[in-house]
Amino acid sequence: MSAIATPVSVEDWFGNLPRKIREWMEERINPEDDYTRYMKDGRDFIDEHKIWKTIKENRDATPHRVRMIIDKALSTKECLEPEEVATLLNVKDEELWKEIFEAAGEVKRAVYDNRIVTFAPLYCSNLCVGNCLYCGFRRDNRVVKRKRLSLEEVRREAEILAGMGHKRLITSYGEHPLSDANYIADTLKTIYSVRVKARKGWGEIRRVNVNAAPMTIEELEMLREIGIGTFQVFQETYHHETYHRVHPSDTIKGNYHWRLYCMHRALEAGVDDVGIGVLLGLYDWRFEVMGLLMHSRDLEEQFGVGPHTISFPRLRPAASTPFVQEAKYRVSDEDFKKFIAVVRLSVPYTGMILTAREPEYIRREVIPLGITQTDFGSKIGIGAYSDSYTKQEAERQQFLLGDTRDLDEGIRWLAEMGYIVSFCTAGYRCGRTGTKIMKLLKTGKEKVFCKLNAVLTYKEYLEDFASEETRKVGELVIQKEIEEVRELVPERVFKKFLEYLNRIENGERDLYF
Ligand code: SAM
Ligand code: SF4
């Protein structure tokens with residue numbers, strides 16, 4: 001359990017953090033160990049002058065050049081060069097944008113087929129020493145009730161989610177000594193131990209990704225041993241000045257480099273799957289695309305592996321958080337589509353996460369542009385799945401969601417759009433992570449594993465959790481997939497695949513390739 005075991009009273013928050021917490025904050029960062037050794041000549045990899053210069057110098061490309069870049073992305077599926085990305089970002093012609101959107105969809109289908117991975121967020125604690133101007137959980141926000149779930153409460157939340165059919169969670173925590181790496185480790189162990197009865201088999205959480213504040217190498221090693229899935233930390237904005245403006249300097253998050261290099265530390269700690277991201281609305285979205293690209297390239301250069309996922313939440317309203325309404329870089333729906341398409345073409349093998357922050361009509365439009373993961377049935381209040389509260393809901397949330405449809409409805413909706421939802425977590429459990437998974441993706445081998453496992457886990461969901469209506473639509477999806485698999489794999493594998501489907505129908509679970 002956490003080193004500091006006494007909860008902080010709400011009064012303690014405001015301008016008067018207890019000494020123990022201040023000491024904890026002061027001791028968190030050791031620049032030499034934590035980031036300067038990854039820097040080159042004392043500089044980080046976000047050279048703003050160079051980024052803007054690249055964007056400017058690639059302003060007047062001919063349609064021919066734009067099409068050459070699109071063709072390169074389609075034929076090689078290699079990461080694009082900064083000049084090429086900048087060229088795409090500068091396109092003005094709407095017809096060319098249509099071609100970019102189509103190409104992005106094509107790249108997604110070539111690498112990930114018609115699969116969408118799904119997950120649910122589990123917010124464990126909103127105690128936070130951060131004071132990010134845009135966030136409902138910032139320490140100065142008095143309207144939010146502070147709570148850290150006990151491990152029993154975490155178990156209850158996980159049981160409810162497993163009972164809905166979820167197999168993957170992303171846990172989320174404010175930054176605080178009471179939700180430090182020890183607490184995170186305890187929550188992961190608790191969640192992995194959950195098992196609930198379902199119609200024919202059982203429900204369990206097989207992969208827990210974590211979205212939390214940056215950590216040290218030792219802390220990340222501890223989480224790796226427990227079986228952390230992807231470790232996600234969003235830089236929020238790569239623009240130094242904006243970063244410092246929205247993250248006050250008397251907070252840990254106020255240190256740009258501690259955050260910028262947290263994925264370097266994670267990879268060094270052996271946490272192979274790292275998730276980067278930006279919070280759209282803080283600064284120019286074109287700059288942020290270049291920032292994500294530079295981040296991916298630096299990780300590749302120093303560790304031989306790029307980000308496992310990229311996230312790009314758009315700012316959402318949050319209780320008593322006027323910054324959001326006033327933000328001048330808010331990204332329009334049209335630009336959001338452009339952002340997604342260019343990122344898809346620029347880093348073809350990275351998973352791209354779209355969350356329920358976005359409303360249904362946007363999700364419908366952008367999923368075909370390259371999204372590989374999305375959530376359904378999400379609640380982001382602390383203890384929100386077990387609590388049947390409604391009135392206080394807004395008070396306890398970090399921001400407001402745009403789409404509150406449940407998992408069953410989401411799966412049906414995606415099936416009707418031609419997608420199969422994958423609950424597969426086999427790759428990670430068989431060690432197909434980091435550089436290994438990137439190699440398998442690039443040679444097309446992972447695609448076959450993923451397809452087979454997607455169908456098997458989809459079948460589990462239909463048997464155990466789906467409504468009658470969803471089951472009908474889902475079985476049609478499975479029939480279509482079986483026909484495709486027949487063409488794709490040797491007879492021996494196909495037979496085994498059919499045998500697994502049959503065994504799942506008879507109540508066996510967790511069969512995978
Ligand atoms: N405290 C950890 C941190 O800051 O890294 C955990 C992150 S927080 C629970 C998850 C993410 O939510 C943040 O990284 C930020 O990008 C996003 N977020 C915060 N406020 C938001 C808002 N008003 N609208 C949309 N996303 C928001
Ligand atoms: Fe705290 Fe994270 Fe919200 Fe910042 S974004 S206030 S660090 S929970």
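**Ligand 2, helix α7 and D403**

By class, the shell around ligand 2 breaks down into four nonpolar residues, one polar residue and two charged ones. That makes seven residues around the ligand, and C128, C132, C135, R138 and K253 are the ones that come nearest. Worth keeping in mind throughout: this is a predicted model.

Next up is helix α7, which covers residues 94-112, 19 residues in all. From its first C-alpha to its last, α7 reaches 27 Å, close to the 27 Å expected at 1.5 Å a residue. Just at the start of the helix, D93 gets involved: one of its side-chain oxygens reaches to within 2.8 Å of the backbone nitrogen of E95. At the other end, α7 is followed by D113, and the phi of D113 is positive, near 60°. As for what is tucked away, the buried residues of α7 are L96, W97, I100, F101, A103, A104, G105, V107, K108, V111 and Y112. So the buried list includes W97 and F101, but also the lysine K108.

Then there is D403, which sits in the loop between α18 (393-396) and α19 (407-416). With a relative accessible area of 5%, D403 falls under the 20% cut-off and therefore counts as buried. Its side chain isn't left without a polar partner: the side chains of D403 and R405 make a polar contact at 2.7 Å. Leaving out residues up to four places away in sequence, D403 also touches A356, E358, P359, E360 and R363.

Key. Residues numbered from 1 in each chain as written. Chains lettered and ligands numbered in written order. Predicted model: local features only at pLDDT ≥ 70, side-chain atom pairs only at ≥ 80, totals over all residues. Heavy atoms only, no water. Helix = DSSP H or I, 4+ residues; strand = E, 2+ residues; numbered from the N terminus. Buried < 20%, exposed > 50% of the residue type's maximum accessible area, 1.4 Å probe, protein only. Polar contact = N/O pair within 3.5 Å; in protein donor to acceptor, adjacent residues only side chain to side chain. Contact = heavy atoms within 4.5 Å. Expected span 1.5 Å × (residues − 1). Near = heavy atom within 4 Å. Nonpolar A, V, L, I, M, F, W, Y, C, P; charged D, E, K, R; others polar.
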